[in-house]
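The turns below ask how each label is earned, and each reply sets a computed value against the definition behind the label.

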Amino acid sequence: MEYLFDLGFSLEEVNTIKSKYKGNEIDKLEFFSRLVKENYQYLKSYGISNIKICFLNHINMFFMNPDRFRSIFNKYDRADLVRCIEKNDAVLEKL
């Protein structure tokens, strides 16, 4: 999970992820690192200020196929989507 540091996560944030998620999710974080990185960087490119909170609370979304991941977000107006996600990260589960 070293790649999380490359994405801008601190040691404390990585430890929070490790404590919140056990077993299968941690294994998937290691095994699907390319998918996670690509999806995280794509969503980060939107300029979402609470991207790390989104990642922490909705980690399973980042395991999606990148094309499918992008298509979900491309359906919406970018500015409106950013505003909604920043107001309530649970919006991610509704997309």
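Salt bridges and overall form

The count comes to four salt bridges, where a salt bridge is a side-chain nitrogen of Lys or Arg within 4 Å of a carboxyl oxygen of Asp or Glu. This is a predicted model, in which local features need pLDDT of at least 70 and side-chain atom pairs count only at pLDDT 80 or more, while totals for chains, interfaces and linings use all residues. Residues are numbered from 1 along each chain as its sequence is written, and side-chain values use heavy atoms, with hydrogens and water left out.

Q: Why is the pair Arg34 and Glu38 called a salt bridge?
A: The closest N and O atoms of Arg34 and Glu38 are 3.2 Å apart, and because the definition asks for a nitrogen of Lys or Arg within 4 Å of a carboxyl oxygen of Asp or Glu, the pair qualifies. Both residues lie in helix α4 (residues 33–44), four residues apart, about one turn of the helix; helices here are DSSP runs of H or I with at least four residues, strands are runs of E with at least two, and both are numbered from the N terminus.

Q: Why is Arg34 called exposed, and why is Glu38 called partly exposed?
A: Buried means under 20% relative accessible area, exposed over 50%, and partly exposed in between, with a 1.4 Å probe and protein chains only. Arg34 has a relative accessible area of 54% and is therefore exposed, whereas Glu38, at 25%, is partly exposed.

Q: What makes Arg70 and Glu38 a salt bridge, and which parts of the chain does the pair link?
A: The side chains of Arg70 and Glu38 meet at 3.4 Å, N to O, so the pair falls within the 4 Å of the definition. The pair links distant parts of the chain, with Arg70 in helix α6 (residues 66–74) and Glu38 in helix α4, 32 residues apart. Arg70 has a relative accessible area of 27% and therefore counts as partly exposed.

Q: How do you know that Arg83 and Asp80 form a salt bridge?
A: The closest N and O atoms of Arg83 and Asp80 are 3.8 Å apart, which the definition accepts because the value is within 4 Å. Both residues lie in helix α7 (residues 78–87), three residues apart, about one turn of the helix. Arg83 is partly exposed at 48% relative accessibility, and Asp80 is likewise partly exposed, at 40%.

Q: Which residues are joined into one network by salt bridges that share partners?
A: Arg34, Glu38 and Arg70 are joined in this way.

Q: How many helices and strands does the protein have, and why is the protein called as compact as a globular protein of that length?
A: There are eight helices and zero strands. The radius of gyration, taken over C-alpha atoms, is 13 Å, close to the 12 Å that the globule rule gives for 95 residues, so the protein is as compact as a globular protein of that length; the rule is 2.2 Å times the number of residues to the power 0.38. The C-alpha trace spans about 35 × 25 × 20 Å along its principal axes, and buried residues make up 39% of the 95 residues.

Q: Why does Asn88 count as partly exposed, and where is Asn88 placed?
A: Asn88 has 40% relative accessibility and therefore counts as partly exposed. Its place is in the loop between α7 and α8 (91–94), and the C-alpha atoms of Asn88 and Asn50, 38 residues apart along the chain, are separated by 9.5 Å.
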